[in-house]
Amino acid sequence: MILYHGSFVIVDNPDLKHSRENLDFGKGFYLTPIYEQAKNWCERFKRRGKDGIISCYEFNESEYEYLEII
């Protein structure tokens with residue numbers, strides 16, 4: 001599965017230590033399987049004069065059972 005993250009910087013290695021506390025669904029690194037949704041998120045940064053960058057990740061769904069979800 002391909003997942004996308006819209007931001008103003010390239011995110012090669014997601015790091016939860018740099019996540020803000022008061023996000024919509026709590027602290028975390030937000031991804032979407034919908035390219036257009038990530039693109040729309042980038043538009044918010046572009047309106048503020050920043051670059052809009054979409055980082056792409058490949059998620060192996062068979063590895064899901066090994067994730068630690070807290």
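Okay, so let's start with Lys46: its relative accessible area is 47%, so Lys46 counts as partly exposed. Keep in mind that this is a predicted model.

Who does Lys46 form a salt bridge with? That would be Glu43, and the closest N and O atoms of the pair are 3.7 Å apart. That makes the cut, because a salt bridge here needs the nitrogen and the carboxyl oxygen within 4 Å. In general, side chains of opposite charge can pair when their charged atoms come close. Both Glu43 and Lys46 sit in helix 1, three residues apart, and that's about one turn of the helix. Glu43 is partly exposed too, at 30% relative accessibility. And how many salt bridges do we count? Just one salt bridge.

Staying with charges, there's a positive surface patch, made by Arg20, Arg44, Arg47, Arg48 and Lys50. Take Arg44 from that group: you'll find Arg44 in helix 1, which covers residues 35–47. Arg44 has 35% relative accessibility, so it goes down as partly exposed.

Now, cysteines. A quick reminder: a disulfide is a covalent bond between the sulfur atoms of two cysteines. How many disulfides does this structure hold? Zero. Cys42 is in no disulfide, and the nearest cysteine sulfur, the one on Cys56, is 10 Å away. Why doesn't that pair count? Because a disulfide needs the two sulfur atoms within 2.5 Å, and here they are 10 Å apart.

Buried or partly exposed, what about each of these cysteines? Cys42 is buried, with a relative accessible area of 3%, while Cys56 comes out as partly exposed at 49% relative accessibility.

Methods: Residues are numbered from 1 along each chain as its sequence is written. This is a predicted model: local features need pLDDT of at least 70, side-chain atom pairs count only at pLDDT 80 or more; totals for chains, interfaces and linings use all residues. Side-chain values use heavy atoms; hydrogens and water are left out. Buried means under 20% relative accessible area, exposed over 50%, partly exposed in between (1.4 Å probe, protein chains only). Patches are made of residues with over 30% relative accessible area and no salt bridge: like charges are joined within 9 Å, nonpolar side chains (Val, Leu, Ile, Met, Phe, Trp, Tyr) within 5 Å. Accessible areas come from the Shrake-Rupley method with a 1.4 Å probe; for residues, only the protein chains shown count as cover. A salt bridge is a side-chain nitrogen of Lys or Arg within 4 Å of a carboxyl oxygen of Asp or Glu. Lys and Arg count as positive and Asp and Glu as negative; His and the chain ends are not counted. The place of a charge is taken as NZ of Lys, CZ of Arg, CG of Asp or CD of Glu. Helices (H or I, at least four residues) and strands (E, at least two) are DSSP runs, numbered from the N terminus.
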